Amino acid sequence: NAVIDNERIVSFLQQNPDYDVTVCGHSLGAGVCVILSLLFKYGTHRNNGYFIGNDREYCHRTFKAYAVGPPPCIEREFALKVSDEMSEYLVCIVFGYDIIPRLSFKGVVFTRAAINRLLTECVQTPFWIYEKAITMKHNTIVNALQHDTKYCKNYHVSMDDAADAKYDESYEDEEEDVEQQHLQRNVILPGEDCFLRDVLDDVKNMEHASLENNLSSRELWTTQFSHVGYVFHAVSAQSVFDEDADGNARQMMHSTENIECMRNLCQMFCKSIICNTLRCRICLDDENANYFIYRANPDVFCDKLLISPYILADHMPQVYLNVLQNIHKKHCV
């Protein structure tokens with residue numbers, strides 16, 4: 001209510017009925033932007049009409065809100081219910097692998113469980129993991145695991161386990177030899193599905209232990225948050241067409257003509273550290289890089305935490321500015 005109750009803001013809007021109102025924010029400010037939009041639309045404060053144009057005297061006033069890299073901060077069922085209506089006022093923009101729009105309690109818990117599972121199968125040193133985490137590719141995790149790990153090949157599970165995992169298999173009748181009959185009593189589960197099943201079991205155990213010891217409430221484990229309004233997802237064209245094109249961060253840094261990083265904040269830090277730790281999009285993406293932007297389902301990012309070297313770099317405000325300016329230049333000229 002600090003904005004809605006602000007006398008100077010309200011007085012200015014009263015004196016300028018022809019002015020429109022635009023609210024924007026990035027990261028935490030984007031979350032505030034989303035909540036403020038909902039307060040204007042569905043709140044009962046006496047000053048709401050000045051902002052959103054519901055008052056007859058201010059009916060020509062247009063209200064727009066732009067949330068850049070917002071966290072999912074609206075309860076999922078309510079968000080899905082009002083999303084179409086809020087699309088008139090609110091636009092949310094997500095770029096690439098940005099972690100903040102995907103951040104949730106459940107996503108963090110699942111990621112922790114997945115990492116713990118992978119560490120039990122890991123044969124590499126801590127330094128190897130640290131180094132590859134900075135310059136990881138799509139096969140990095142596989143290379144860190146034991147060559148005979150069950151998570152990289154088909155895995156035989158019992159019928160009871162398969163039923164728990166909701167896997168159905170069709171079986172032949174009667175005229176089978178002993179080996180085929182043995183296979184009938186088992187289900188071949190792909191390694192990835194086996195991994196997901198084990199992670200789900202670990203999460204259930206964590207939830208049970210947390211509730212049993214009164215460390216959390218059940219609502220914490222069941223409540224989901226989502227985005228609301230128009231949600232646009234911008235992605236690098238390179239990541240769409242060639243998943244392996246990212247390459248090593250150091251190679252990318254030295255292959256670019258913009259190695260001096262003079263046009264952004266990287267000049268304030270050691271280039272080799274900032275570029276290889278955060279894989280800065282502005283430094284490492286070509287100046288003529290293309291980006292695609294499409295309308296996404298507001299619910300698609302819910303509890304979908306991704307692991308990528310870009311999860312922090314893609315959230316930086318200068319990266320969003322660079323991407324949006326690039327898209328505007330390519331599509332609006």
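Start by selecting Gly-53: not counting residues up to four places away in sequence, Gly-53 touches Tyr-58, Cys-59 and Arg-61. Contact here means heavy atoms within 4.5 Å.

Before you go on, a word on what you have open. This is a predicted model, in which local features need pLDDT of at least 70 and side-chain atom pairs count only at pLDDT 80 or more, while totals for chains, interfaces and linings use all residues. Residues are numbered from 1 along each chain as its sequence is written, and side-chain values use heavy atoms, with hydrogens and water left out.

**Stop 1: around Gly-53**

Gly-53 sits in the loop between α3 (48-52) and β2. Helices (H or I, at least four residues) and strands (E, at least two) are DSSP runs, numbered from the N terminus. Is Gly-53 buried or exposed? Gly-53 counts as buried, because its relative accessibility is 10%. The cut-offs are under 20% relative accessible area for buried, over 50% for exposed, and partly exposed in between (1.4 Å probe, protein chains only).

Now add Phe-40 to your selection. Phe-40 and Gly-53 are 13 residues apart in sequence, and their C-alpha atoms are 9.7 Å apart in space. Phe-40 also belongs to an aromatic cluster with Phe-51, Phe-63 and Tyr-89, so show those rings too. Rings of Phe, Tyr and Trp (its six-membered ring) pair if their centres lie within 6.5 Å; planes under 30 degrees apart are stacked, over 60 edge-to-face, and the rest tilted.

**Stop 2: the sheet**

Switch to cartoon view and find the open sheet of five strands, with the order β1-β2-β4-β8-β9 and mixed pairing. Its edge strands are β1 (21-26) and β9 (291-296), each pairing on one side only. From one strand to the next, the twist averages 20°. Two strands pair if DSSP finds at least two bridges between them.

Select β1 and β2 together: they pair in the parallel sense over six bridges. Within that pairing, His-26 stands opposite Val-68 in β2. Then turn on the side chains of β1. Which ones point to the buried face? Val-21, Val-23 and Gly-25 do, whereas Thr-22, Cys-24 and His-26 point to the other face and are not buried.

Jump across to the β9 edge. Strand β8 (residues 230-236) and β9 run antiparallel, joined by six bridges. One spot to click is Val-231, whose bridge partner in β9 is Ala-296.

**Stop 3: helices on the sheet**

Select residues 28-42, which is helix α2. This helix lies across β1, β2 (63-68) and β4 (90-95), running at about 145° to β1. Axes are lines fitted to C-alpha atoms, for helices over the stretch in contact, and angles run from 0 to 180 degrees between N-to-C directions.

Next, bring in helix α4 (residues 76-86), which packs against α2 at an angle of about 75°, with the axes 12 Å apart. The two helices are therefore roughly perpendicular to each other. The angle classes are under 35 degrees for roughly parallel, over 145 for roughly antiparallel, 65 to 115 for roughly perpendicular, and oblique for the rest. What meets at this crossing? From α2 come Ser-37, Leu-38, Lys-41 and Tyr-42; from α4 come Phe-78, Val-82, Glu-85 and Met-86.

**Stop 4: helix α5 and an aromatic pair**

Move to helix α5 (residues 105-120) and pick Thr-111. Thr-111 is buried, since its relative accessible area is 15%. Leaving out residues up to four places away in sequence, Thr-111 touches Leu-305 and Ile-307.

The structure holds 11 aromatic pairs. One to try is Phe-105 with Trp-221, an edge-to-face pair at 5.0 Å centre to centre and 85° between the planes. This pair links distant parts of the chain: Phe-105 is in helix α5 and Trp-221 in helix α11 (residues 218-222), 116 residues apart. Colour by accessibility and you'll find Phe-105 partly exposed at 34%, while Trp-221 is buried at 10%.

**Stop 5: zoom out**

Finally, show the whole chain, with its 16 helices and nine strands. Of the 333 residues, 42% are buried. Among contacts with a separation of 6 or more, 79% come from residues 24 or more positions apart.
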